[in-house]
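Okay everyone, thanks for coming. I'd like to walk you through a structure that is new to most of us, so let me put it up on the screen.

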Amino acid sequence: MAKLTKLDDIVSLCKRRGFIYQSSEIYGGLASCYDYGPLGAELKRNVRDAWWKAVVQMRDDIVGLDCSILMHPMVWKASGHADKFADLVTVCKKCNTRTRIDHLADKSDGDAAEHTEHVNIETEAAKEHDLSNKVCPACQAVGKFGEPMAFKLMFETQMGANADDQMTLWLRPETAQGIFANFRNVLDSTRVKVPFGIAQIGKSFRNEVTTKAFIFRTREFEQAELEFFCAPGTDEDWYEHWKQQRFNWYLDLGIQKENLRFRDHDPDELAHYAKACVDVEYKFPFGSGDWQELEGVANRTDYDLRQHQRGMRTMNDWFESKGDLSKITLKEEAEDYHKGPLSFFDEQNKERFIPYVIEPSAGVDRSTLAFLVDAYDEEEVKGATRSVLRFHPHLAPIKAAIFPLVKKDGMPEIATKLYDDLKGNFACFYDQKGAVGRRYRRQDEAGTPYCLTIDGQTKEDNTVTVRERDSMEQSRINIDQIKAYLREKLDL
Ligand code: GAP
C-alpha cells in the first residue's frame, strides 16, 4: 500500500508545483490527456535532450529526423498497421464496458497480466479464450462477456477542404514509419552508410482501450525512437549492443538499478514485424506486478523496408510493373530485393541487401514518469516531512535558485546581478519572497540541485551560501567562482 500512496503523492506534487496538470481541467478534464506545466515542460525537454544527446549527438553513426504526424495512408497499409494494429477486446454484457482480453483479471487471484503493451492480434485471435472466470474491471461481473473482437487503435482524421479531394488519414501510432519512409532520402542526401541509424522524437497517437496510471498510458504521447539499419547477419550483435546502451542510459541518468530489468517477449507476444523484442522494465508504484514496460528494443528484421517497397509498387514508377499489393509475385519481390529503391549497396563487399533494423523505442512521457517516481523521496527533518525530487542534474528543471536572504541591505541587487550572470548558462530561478527555509523546501520539491543565498556576509567577503539539495549541506563559495563551481558540479 505504501507504494500506491507514493504515486498519489507524486500526482499531487505534480499538480501543486506545476509539473503536470489534467488536460482541459477547467471543463472537467479530458480523460487520459495531460498537460505539462512550467516545471514539467522543462523536465520533459531535459529528458528529450538527454536522449538526443546520447543517441544522436554523441554518435557519429546516427542522424536525426523530424517527420510530419500526418502521412500518406499507404504508409500504414504497407507497414501492416491498417490491418493488424488492434487489440483483442470483449464487451461486458452487464455494463457494456469494453476491456482488453489480456487485461482481464481472474476471479481467483484478482491480478491482471498488464505487462504487455499490445498483443499480436493474429496469434491472439487464433487462441481459444475462456472468459468464464474473468472479472469485468468496471462492474465486477464474472464471466459475462461477449465474443472477442479486434479493436483498431489508430485515430482517423480528414484532410482537405473540398468534398472531392478529401482523404481519410490516420494519426501516426509510432514515429518509426516516418523514418522508414525517408530511408532513401537520408541515404541520398547525407554520407551515411550501413550500419547507421536514424532517430526521431515526436508525438504518437493510439486510441488505447485501457488508459492507465497518470501519464503511463495515454492516447496522445511522445516517443523517442531509433531505427538502426545494419547488414543481415549482424542484427543479433547490434540487438545486444542497443539493449545494453538503452539500459545504461537510464542508469546514467540516476534510475536506481534495483528498479530496472529486462524482460524478453514470448514468441506469441511479438509484434507482427518483430523477430525478437526485449522490454526495459521499471518497477512502477502501481499495477499488478509493479514491473511495467518503459522501453522496447526490437529486431524488426527487413520487414518494414520490404513492405514499403511492396507498397511503392502500387503507387509509382520506380518499378517496371505497378500493381496491387496483394498481386505482387514472388518473382517481382525477389527482383525488388536485388534492385529495389529501399535496398542498400555495400561498396566494400559489392553486395546489395535490404538492411535489418534494430529499434530501441522509448516513451518520453513514460520515462519522465519513471524519473519522477525514482527521484521522489520523503524524509523527516527537524520534526517535519521534507519532500524532495533527487533528479540527476541534467534532468533537473531548474539548476540553481538564487535568493537574497532579506529584501534589503543591497542583497536583492547582488542576487539579481548573480541571476542575470548565470541565466545564460543554466536554467535559474530568482525568489525573494518568504522565509529562506520555506524557499529551500519549495526548491527541494522542484528538484533544484543548488540554492545560492546572498546574505550579510556577502558584502564583507564576496561569498554566497551554497546549499546542496540532497545533503542539505551549506558551504560558502566566492561569487566569482559560482559559474565554474556549478559547471563542474552539474557536469554542464
Ligand atoms: N515503434 C515501436 C513501438 O511503437 P511500442 O512498444 O508500442 O513500440 C514504444 O511503444 C514505447 O512507447 C513504449 O515502451 C512506451 O514507452 C511508449 N508508449 C507506447 N504506447 C504508449 C501510450 N499509450 N502512452 C504512453 N507511452 C506509450
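So, how many helices and strands does the chain have? There are 15 helices and 25 strands. Before I go on, please keep in mind that this is a predicted model.

Let's get a feel for the whole thing. The chain has 492 residues, and 51% of them count as buried. If you lay the C-alpha trace along its principal axes, the chain spans about 85 × 65 × 50 Å. Its accessible surface comes to about 23,100 Å², and carbon and sulfur atoms make up 49% of that. What about contacts along the sequence? Take the contacts with a separation of 6 or more: 66% of them are between residues 24 or more positions apart.

Now to charges. The chain carries 68 positive and 82 negative charges, and the mean positions of the two sets are 4 Å apart. As a reminder, side chains of opposite charge can pair when their charged atoms come close. How many salt bridges does a search of the whole structure find? The count is 37.

Let me pick out a few. One of them is between Arg-300 and Asp-304, at 2.9 Å from N to O. Are these two buried or exposed? Arg-300 counts as buried because its relative accessibility is 0%, and Asp-304 counts as buried too, because its value is 1%. The cut-off for buried is under 20%.

The next example has Arg-386 in the middle. On one side, Arg-386 forms a salt bridge with Glu-379, with the closest N and O atoms 2.8 Å apart. Glu-379 has a relative accessible area of 24%, so we call Glu-379 partly exposed. Arg-386, at 1% relative accessibility, counts as buried.

On the other side, Arg-386 forms a salt bridge with Asp-444, and here the closest N and O atoms are again listed at 2.8 Å. Where do these two partners sit in the chain? Arg-386 lies in strand S20, which covers residues 384–389, while Asp-444 is in helix H13, so this pair ties together parts that are 58 residues apart in sequence. Both Arg-386 and Asp-444 are buried.

And the story goes on from there. Salt bridges that share partners join Asp-377, Glu-379, Arg-386, Arg-390, Asp-444, Arg-467, Arg-469 and Asp-470 into one network. If you want to find that network on the screen, Arg-386 in strand S20 is a handy place to begin.

While we have helix H13 in view, let's move to the surface. Helix H13 covers residues 436–446, and Arg-442 is in there as well. Arg-442 counts as partly exposed, because its relative accessibility is 43%. Which residues form a positive surface patch with Arg-442? They are Lys-407, Lys-433 and Arg-438.

There is a negative surface patch too, formed by Asp-237, Glu-240, Asp-264 and Asp-266. To help you find that one, Asp-264 is in strand S13, residues 260–264.

And there is a nonpolar patch on the surface. Leu-70, Met-159 and Met-167 form it, with about 230 Å² of accessible area together. Met-159 lies in strand S9, which covers residues 156–159. With 41% relative accessibility, Met-159 counts as partly exposed.

Last topic: a few backbone details. Which two residues are joined by a cis peptide bond? Val-194 and Pro-195 are, with omega at about 5°. You can find Pro-195 in the loop between helix H7 (183–189) and strand S11 (196–205).

Then come positive phi angles in residues that are not glycine. Ser-24 has a phi near 55°. That residue is in the loop between strand S1 (20–22) and strand S2 (34–36). Ser-24 is partly exposed, because its relative accessible area is 34%. Asp-409 also has a positive phi, about 55°, although it is not a glycine. Look for Asp-409 in the loop between strand S21 (400–404) and helix H12 (411–422).

If you take one picture home, make it the salt bridge between Arg-386 and Asp-444, which is part of a network of salt bridges that share partners. Okay, that's my tour, and I'm happy to turn the view around for anyone who wants another look.

Key
Residues numbered from 1 in each chain as written. Predicted model: local features only at pLDDT ≥ 70, side-chain atom pairs only at ≥ 80, totals over all residues. Heavy atoms only, no water. Patch = residues over 30% accessible without salt bridge, like charges linked within 9 Å, V, L, I, M, F, W, Y side chains within 5 Å. Areas by Shrake-Rupley, 256 points an atom, 1.4 Å probe, with all protein chains shown as cover. Salt bridge = Lys/Arg side-chain N within 4 Å of Asp/Glu carboxyl O. Lys, Arg positive; Asp, Glu negative; His and termini not counted. Charge placed at Lys NZ, Arg CZ, Asp CG, Glu CD. Helix = DSSP H or I, 4+ residues; strand = E, 2+ residues; numbered from the N terminus. Buried < 20%, exposed > 50% of the residue type's maximum accessible area, 1.4 Å probe, protein only. Contact = heavy atoms within 4.5 Å.
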